[in-house]
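Trainee: I would like to learn how to read burial, contacts and packing from a set of coordinates. Can we work through one case?

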Amino acid sequence: MLGLVLTTFEPIFGMPAVALYPLAGIAAGLSLYSFLSYFLAGDHWSSLLKGVAVANLLYCCLTIGLVTFMISELKALGLLYFAGEIVVIVILATLEFKVARYRRR
């Protein structure tokens, strides 16, 4: 979404492509790390899952910082998109922490 849709429709969302491409790259990197961790972790998947959760929350912090910095440029649809993205990622990270903790019991 970030690297293709939001950049294509930048005037509708308001976030400049110069900010969207790095966010898309980070999101793709986190996705790749998570995918590889799933297949390569073995018995250590719990700690790797915690790392994914922390990285997701740091990504949210970066996104919140960019939204705050670019608030005057963002359109309502852009604010709605990023608010939704943050909510989804925080829920995902919370579930990742719960699963990682459950594994340790």
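Mentor: We start with a charged side chain inside a predicted model. The general step is to check burial, and then to look for a partner of opposite charge. Here Glu96 is buried yet has no salt bridge.

Trainee: Which side chain of opposite charge is nearest to Glu96, and how far away is it?

Mentor: That is Arg101, at 12 Å. A salt bridge requires a side-chain nitrogen of Lys or Arg within 4 Å of a carboxyl oxygen of Asp or Glu, so Arg101, 12 Å away, does not provide one for Glu96.

Trainee: Which backbone atom does the side chain of Glu96 reach?

Mentor: The side chain of Glu96 comes to 3.4 Å from the backbone nitrogen of Ala53. Glu96 itself sits in helix H5, which covers residues 76-104. Not counting residues up to four places away in sequence, Glu96 touches Leu49, Val52, Ala53 and Asn56.

Trainee: What about Glu85: does it have a salt bridge or lack one?

Mentor: Glu85 is buried and lacks a salt bridge. The nearest side chain of opposite charge is Lys75, 18 Å away. Glu85 is also placed in helix H5. With neighbours within four places in sequence left aside, its contacts are Leu2, Tyr59 and Thr63.

Trainee: Thr63 is on that list. Why is Thr63 classed as buried?

Mentor: The class follows from relative accessible area. Thr63 has a value of 1%, and buried means under 20%, so Thr63 is buried. Thr63 belongs to helix H4.

Trainee: Which residues does Thr63 contact, leaving aside its neighbours within four places in sequence?

Mentor: They are Leu23, Phe82, Glu85 and Ile86. For Leu23, compare the two separations: Thr63 and Leu23 are 40 residues apart along the chain, while their C-alpha atoms are separated by 7.8 Å.

Trainee: How is Ile89 placed, buried or exposed?

Mentor: Ile89 counts as buried because its relative accessibility is 12%. Ile89 lies in helix H5 and, leaving aside neighbours within four places in sequence, is in contact with Asn56, Tyr59 and Cys60. The C-alpha atoms of Ile89 and Asn56 are separated by 6.6 Å, with their positions 33 residues apart along the chain.

Trainee: Which class do Thr94 and Val54 fall into?

Mentor: The intermediate class runs between the buried cut-off of 20% and the exposed cut-off of 50%. Thr94 is partly exposed because its relative accessibility is 37%, and Val54 is partly exposed because its relative accessible area is 40%. Thr94 is found in helix H5, whereas Val54 lies in helix H4.

Trainee: How far apart are Thr94 and Val54 in space, C-alpha to C-alpha?

Mentor: They are 9.7 Å apart, at a sequence separation of 40 residues. For another pair, Val54 and Leu32 are 22 residues apart in sequence and 15 Å apart in space, again C-alpha to C-alpha.

Trainee: Now the nonpolar packing. How many residues does the largest nonpolar core have?

Mentor: To read a core, look at its size, its most connected members and the elements that supply it. The largest nonpolar core has 18 residues, and Leu2, Leu6, Met15 and Phe82 have the most contacts inside it. Helix H1 (2-8), helix H3 (17-40), helix H4 (45-69) and H5 each supply at least two of its residues. The largest share of this core, 5 residues, is from H3.

Trainee: Which residues is Leu2 in contact with, beyond its neighbours within four places in sequence?

Mentor: Leu2 is in contact with Thr7, Leu20, Leu23, Ala24, Tyr59, Tyr81, Phe82 and Glu85.

Trainee: And at the level of the chain, which elements are there?

Mentor: From the N terminus on, the order is α-α-α-α-α, with 5 helices and 0 strands in the protein. The C-alpha trace spans about 50 × 20 × 15 Å along its principal axes. Buried residues make up 33% of the 105 residues. Among contacts with a separation of 6 or more, 72% are between residues 24 or more positions apart. The protein exposes about 6,800 Å², of which carbon and sulfur atoms supply 73%.

How values were computed
Residues numbered from 1 in each chain as written. Predicted model: local features only at pLDDT ≥ 70, side-chain atom pairs only at ≥ 80, totals over all residues. Heavy atoms only, no water. Helix = DSSP H or I, 4+ residues; strand = E, 2+ residues; numbered from the N terminus. Buried < 20%, exposed > 50% of the residue type's maximum accessible area, 1.4 Å probe, protein only. Lys, Arg positive; Asp, Glu negative; His and termini not counted. Polar contact = N/O pair within 3.5 Å; in protein donor to acceptor, adjacent residues only side chain to side chain. Contact = heavy atoms within 4.5 Å. Core = buried A, V, L, I, M, F, W, Y, C linked by side-chain atoms within 4.5 Å. Areas by Shrake-Rupley, 256 points an atom, 1.4 Å probe, with all protein chains shown as cover.
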